[in-house]
Amino acid sequence: MAEIKGDRIFFYDAECSGEGPVSQSRIMIMRTSAAFCAVPTAVNPLPPPSAHANLAHMTHLTTASGAHVSTTTFGTMQFGGNADAAASRAMYDAARTAGITHFDTAVMYADGASETLLGQFIKSERDAIYLATKVGYIGGASRANMTAHFDQCRKQLDQDSVDLLYLHRFDDDTDLEETFATFADFQQRGLIRHIGVSNFAAWQIMKAQSVAQKLGTRIDVVQPMYNLVKRQAEVEIFGVAVDQDIKIVPYSPLGGGLLTGKYARGETGRITDNDRYNARYGQTWMHETARDLAALGTDIGIDPATLAVAWVAAHAAKPSPIISGRSTTQLAPSLAAENYTMDADLYAQITALSPTPPPATDRLEEA
Ligand SMILES: NC(=O)c1ccc[n+]([C@@H]2O[C@H](COP(=O)([O-])OP(=O)(O)OC[C@H]3O[C@@H](n4cnc5c(N)ncnc54)[C@H](OP(=O)(O)O)[C@@H]3O)[C@@H](O)[C@H]2O)c1
């Protein structure tokens with residue numbers, strides 16, 4: 001359990017022993033007793049991360065059979081879209097061979113083809129898989145819309161239940177009581193094991209968590225965007241997740257492909273072909289960061305995609321990045337991150353390639 005007081009995070013468990021690398025100049029871990037320690041923060045509301053720090057004590061996900069869920073999550077947004085059935089199957093097999101057990105989809109990915117294909121692939125090994133899907137990106141978070149979407153998910157997946165159901169985005173027009181009573185009903189009927197929210201601001205997570213708790217349930221997982229050029233989640237979302245013991249499963253670890261370095265080489269992809277991604281990743285400094293990461297990768301002989309995914313996973317809040325691609329060739333360097341351990345010095349070097357967002361108080365002098 002953790003509590004944020006001012007610019008400090010207090011962890012009330014014996015794991016916070018100061019073990020692990022603390023070589024970054026602004027990290028100081030003070031152990032005041034066996035069961036209590038305070039971590040002064042630098043610019044981030046959480047302690048600057050290290051590959052081995054064991055500071056966060058997050059919700060621990062398991063498959064229905066009780067096995068630990070892989071650190072890396074595989075996102076199937078491309079299944080049935082940019083990746084046809086054969087390419088999707090090949091990526092699924094590559095992910096399984098690399099030890100991935102957590103798979104992410106959504107009711108509307110590729111007009112339902114993502115869930116349909118994923119449902120076929122997991123059929124013979126359902127209990128070994130942690131299956132997550134999402135509802136409510138379109139049409140809101142009312143009971144009627146969530147139920148209609150979730151019925152569609154279960155039909156497309158050809159599954160009675162899933163391990164994790166997310167609300168895909170916050171809905172201003174529906175009371176949280178209605179949304180979370182619906183989630184609670186799904187849970188009580190054994191249709192979902194865990195509740196997640198995606199694209200929520202920190203205050204929305206906290207407000208929703210309080211409603212969920214009044215209904216006898218809780219948010220177990222959050223899915224924010226997070227990568228080296230999209231670091232807003234560090235400011236408050238990671239802090240609230242640690243405080244509430246919520247697992248962080250961030251999407252777009254490659255910045256939609258930007259951090260592979262391919263755009264600096266004049267290649268094309270989602271960022272040149274899709275207006276939304278072009279706007280999201282259009283700023284000059286982001287492209288400079290991608291170029292610098294690629295140069296660093298060349299220097300140390302590691303693919304920049306591996307570095308980008310491993311950098312997300314190395315944060316002290318222990319996020320489980322969702323990787324994806326349109327082919328096994330694209331996927332390979334992201335998959336390699338599952339077994340790549342980033343040391344604290346390299347972590348700091350990569351972190352310095354993009355601006356660290358200011359703390360929520362904006363008091364930079366105290367950061
Ligand atoms: N909750 C949400 O709102 C939300 C939003 C987005 C995604 N997600 C989830 O997160 C998953 C991952 O998100 P993402 O696809 O944005 O992740 P990402 O890792 O940031 O981007 C993946 C894309 O980068 C490009 N790419 C990957 N490896 C490459 C390589 N080696 N060389 C060149 N290009 C490469 C490919 O796009 P191109 O070939 O088109 O360049 C690929 O589709 C999705 O599948 C989905 O499950 C959730």
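A residue counts as buried if 20 or more other C-beta atoms lie within 10 Å of its own, as exposed if 12 or fewer do, and as partly exposed in between, with the C-beta atoms placed from the backbone. The structure is a predicted model, in which local features need pLDDT of at least 70 and side-chain atom pairs count only at pLDDT 80 or more, whereas totals for chains, interfaces and linings use all residues. Residues are numbered from 1 along each chain as its sequence is written.

**Exercise 1. Decide whether Ser-252 and Asp-158 are buried, partly exposed or exposed, and describe their backbone.**

Step 1. Ser-252 has 27 other C-beta atoms within 10 Å and is therefore buried. Asp-158 has 13 other C-beta atoms within 10 Å, so it is partly exposed.

Step 2. Locate both residues among the helices (H or I, at least four residues) and strands (E, at least two), which are DSSP runs numbered from the N terminus. Ser-252 lies in the loop between E11 and helix H7 (270-273), while Asp-158 lies in the loop between helix H3 (143-157) and E8.

Step 3. Most residues other than glycine have a negative phi. Ser-252, however, has a positive phi near 60°, and Asp-158, although not a glycine, has a positive phi of about 60°.

**Exercise 2. Trace the order of the eight strands in the open sheet, and state which strands form its edges.**

Step 1. Two strands pair if DSSP finds at least two bridges between them. With parallel pairing, the order in this sheet is E11-E10-E9-E8-E7-E6-E5-E12.

Step 2. Strand E11 (247-248) and strand E12 (322-323) are the edge strands, since each pairs on one side only.

Step 3. Follow some of the pairings. E12 runs parallel to strand E5 (residues 73-75) and is joined to it by two bridges, with Phe-74 having Ile-323 in E12 as its bridge partner. Strand E6 (residues 102-104) is joined to E7 by three bridges, and Asp-104 stands opposite Ala-132 in E7. Five bridges join E8 to E9, where Tyr-166 has Gly-196 in E9 as its bridge partner.

**Exercise 3. Explain why strand E7 (residues 130-135) and E9 are described as largely enclosed.**

Step 1. Six of the six residues of E7 are buried, so this strand is largely enclosed by the rest of the structure. In E9, seven of the seven residues are buried, so that strand is also largely enclosed by the rest of the structure.

Step 2. In a regular strand the side chains alternate between the two faces of the sheet. In E7 both faces are covered, with Tyr-130, Ala-132 and Lys-134 buried on one side and Leu-131, Thr-133 and Val-135 buried on the other.

**Exercise 4. Identify which residues of the largest nonpolar core touch the most other members, and which helix gives the most to this core.**

Step 1. A nonpolar core is a set of buried Ala, Val, Leu, Ile, Met, Phe, Trp, Tyr and Cys residues joined through C-beta atoms within 7 Å. The largest one has 94 residues, among which Val-222 and Trp-311 touch the most other members. Helix H10 (residues 304-313) gives the most to this core, with eight residues.

Step 2. Two residues are in contact if their C-beta atoms, placed from the backbone, lie within 7 Å. Leaving out residues up to four places away in sequence, Val-222 touches Gly-196, Val-197, Phe-200, Ile-205, Ile-237, Ala-241, Ile-246 and Ile-248.

**Exercise 5. Place Ala-212 in its surroundings, and say whether it is buried or exposed.**

Step 1. Ala-212 belongs to helix H5 (residues 202-214). With 22 other C-beta atoms within 10 Å, Ala-212 is buried.

Step 2. Apart from its neighbours within four places in sequence, Ala-212 is in contact with Phe-180, Ile-195, Thr-217, Arg-218 and Ile-219. From C-alpha to C-alpha, Ala-212 and Thr-179 are 9.2 Å apart in space, although 33 residues apart in sequence.

**Exercise 6. Describe the shell around the ligand: how many residues surround it, and which element gives the most?**

Step 1. A residue is near a molecule if its C-beta atom, placed from the backbone, lies within 6 Å of it. The ligand is surrounded by 29 residues, of which Gly-75, Met-77, Tyr-251, Gly-257 and Gly-269 are the closest.

Step 2. E12 and helix H11 (328-335) are the elements that give two or more residues to this shell, and H11 gives the most, with three residues.
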